[in-house]
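Me: Please go through the packing, strand pairing and charged contacts of the protein shown here.

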Amino acid sequence: MNHEIPHQPEATHHTFRVQLSSTPRGARLARLLAVEQLREWGVGLTAPRQIIAELASNAVRHGHVNGRDFALALDLSPDTLRIEAVDTRSDKDLEPTAPPWYAESGRGLLLVAAFADDWGVEWGPVPRKTVWAEVRLRKRSQWG
């Protein structure tokens, strides 16, 4: 499913990376900093904001290891925004599954899959795990 977001990128490549404590406060700060960076780059926020929120939250909730941080990275090319959450919990497999209708959580990867054009998991080096999502960017027409 294509969730193109409006963007008029320059012909350059931009990166952003932040490493924070693997706590709810760290996840919130990662979201705030990443969204502010996207605003500065002029990237539409609807899909990326939701993906960032889910990946940061999952890194803290499911990827937490005492004493270890997590990282959030943005990689902006002229055509694609790649969002990565890196944690040190490589012992958990990731499959998006629908929880029971009454569950109050458990839909994070389903939301990532819905908002992203592509997503996946990269394992290693041990104990590292990177959950990534990509959103294709749509260029604005010069006439409107």
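Reply: The model is a predicted one. In what follows, buried means under 20% relative accessible area, exposed means over 50%, and partly exposed lies in between.

Me: Is E36 buried, exposed or partly exposed?

Reply: The relative accessibility of E36 is 45%. Partly exposed covers the range between under 20% and over 50%, so E36 counts as partly exposed.

Me: Which residue forms a salt bridge with E36, and how are the two placed in helix α1?

Reply: The two residues are 3 apart in helix α1, which means that about one helical turn separates them. The partner has a relative accessible area of 46% and is therefore partly exposed. Its closest N and O atoms with E36 are 3.6 Å apart, and the partner is R39.

Me: How many residues apart in sequence are the parts tied together by D87 and K129?

Reply: The side chains of D87 and K129 meet in a salt bridge, 3.2 Å from N to O. D87 belongs to strand β4 and K129 to strand β6, so the pair ties together parts of the chain whose separation in sequence is 42 residues.

Me: Is D117 buried or exposed?

Reply: D117 is found in the loop between α3 and β5 (118-123). A polar atom of its side chain lies 2.7 Å from the backbone nitrogen of R136, and D117 also forms a salt bridge with R136, at 3.5 Å between the closest N and O atoms. Because its relative accessibility is 17%, D117 counts as buried.

Me: Why is β3 largely enclosed by the rest of the structure?

Reply: β3 pairs with β2 in the antiparallel sense over 8 bridges, and 6 bridges join β3 to β4, also antiparallel. A hairpin through 3 residues connects β3 to β4. The enclosure of β3 is counted by residue: of its 8 residues, the number buried is 6.

Me: Which residue in β4 stands opposite L76?

Reply: β3 and β4 run antiparallel. Across this pairing, the residue of β4 opposite L76 is L81.

Me: How many residues does the largest nonpolar core have?

Reply: Elements that each supply at least two residues of this core include α1 (24-41), α2 (46-61) and β6 (129-139). I83 is among the residues with the most contacts inside the core, and it touches, among others, I51, L55, L72 and W132. The residues of the largest nonpolar core number 31.

Technical notes: Residues numbered from 1 in each chain as written. Predicted model: local features only at pLDDT ≥ 70, side-chain atom pairs only at ≥ 80, totals over all residues. Heavy atoms only, no water. Core = buried A, V, L, I, M, F, W, Y, C linked by side-chain atoms within 4.5 Å. Buried < 20%, exposed > 50% of the residue type's maximum accessible area, 1.4 Å probe, protein only. Helix = DSSP H or I, 4+ residues; strand = E, 2+ residues; numbered from the N terminus. Contact = heavy atoms within 4.5 Å. Polar contact = N/O pair within 3.5 Å; in protein donor to acceptor, adjacent residues only side chain to side chain. Pairing = 2+ DSSP bridges. Salt bridge = Lys/Arg side-chain N within 4 Å of Asp/Glu carboxyl O. Lists of a residue's contacts leave out its neighbours within four places in sequence.
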